[in-house]
Amino acid sequence: MANEHVDPPICGPDGQGMIFPMGGEFERNLPTSVRGFLYLAAMVYWFYGIAIISDLFMSAIETVTSRRIRKKIAGGNGGFRTVQLWNKTVATLTLMALGSSAPEI
């Protein structure tokens with residue numbers, strides 16, 4: 001029983017990690033503070049990308065929901081009235097639900 005090999009914890013000094021370190025032996029030899037800074041910088045970069053994509057998605061929703069059409073006024077004078085094609089609340093909530101739950105739909 002004394003000769004059994006015990007793997008080190010995943011997050012331990014000799015652990016292999018589940019995802020990180022991705023840089024192999026080079027990254028594993030970096031000081032913990034440097035690795036922490038690199039991981040933090042990568043996370044900020046990724047969240048910034050998500051923010052850009054979300055902003056584009058929301059501007060697309062606004063473009064779709066702000067569409068207007070001209071309807072002829074019922075009556076006799078033959079005038080037109082500009083109305084919104086979508087109910088803003090229902091359209092926004094529907095499109096946001098579709099955008100956030102696309103894998104389930």
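This tour goes from the whole chain to helix H2, then to the strand pair and a loop residue.

The model is predicted: local features need pLDDT of at least 70, side-chain atom pairs count only at pLDDT 80 or more, and totals for chains, interfaces and linings use all residues. Residues are numbered from 1 along each chain as its sequence is written, and side-chain values use heavy atoms, with hydrogens and water left out.

**Whole chain.** Select the protein chain and colour by pLDDT, the predictor's confidence in each residue from 0 to 100. The average is 77, and 74% of the residues score at least 70. Switch to cartoon: the chain has 3 helices and 2 strands, in the order α-α-β-β-α along the sequence. Helices (H or I, at least four residues) and strands (E, at least two) are DSSP runs, numbered from the N terminus. Helix H3 (residues 88-100) has the lowest mean pLDDT among the elements, 73, and H2 the highest, 86.

Now show the surface. The protein chain exposes about 9100 Å², of which carbon and sulfur atoms supply 65%; accessible areas come from the Shrake-Rupley method with a 1.4 Å probe, and for residues only the protein chains shown count as cover. Of the 105 residues, 10% count as buried (under 20% relative accessible area; exposed is over 50%, partly exposed in between; 1.4 Å probe, protein chains only).

**Helix H2.** Select residues 32-65, then Trp46 within them. Trp46 counts as partly exposed because its relative accessibility is 48%. Add Met43, Tyr45, Phe47 and Ile50: with Trp46 they form a nonpolar surface patch of about 620 Å² accessible area together. Patches are made of residues with over 30% relative accessible area and no salt bridge (a side-chain nitrogen of Lys or Arg within 4 Å of a carboxyl oxygen of Asp or Glu); like charges are joined within 9 Å, nonpolar side chains (Val, Leu, Ile, Met, Phe, Trp, Tyr) within 5 Å.

**Strand pair.** Select residues 68-72, strand E1; 0 of its 5 residues are buried, so E1 lies largely in the open. Add strand E2 (residues 80-84), which runs antiparallel to E1 and is joined to it by 5 bridges. Two strands pair if DSSP finds at least two bridges between them. Arg68 has Gln84 in E2 as its bridge partner.

**Loop residue.** Select Leu85, in the loop between E2 and H3. Leu85 is partly exposed, at 39% relative accessibility. Beyond its neighbours within four places in sequence, Leu85 is in contact (heavy atoms within 4.5 Å) with Arg67, Arg68 and Ile69. For a distance check, pick the C-alpha atoms of Leu85 and Arg70: they are 9.3 Å apart.
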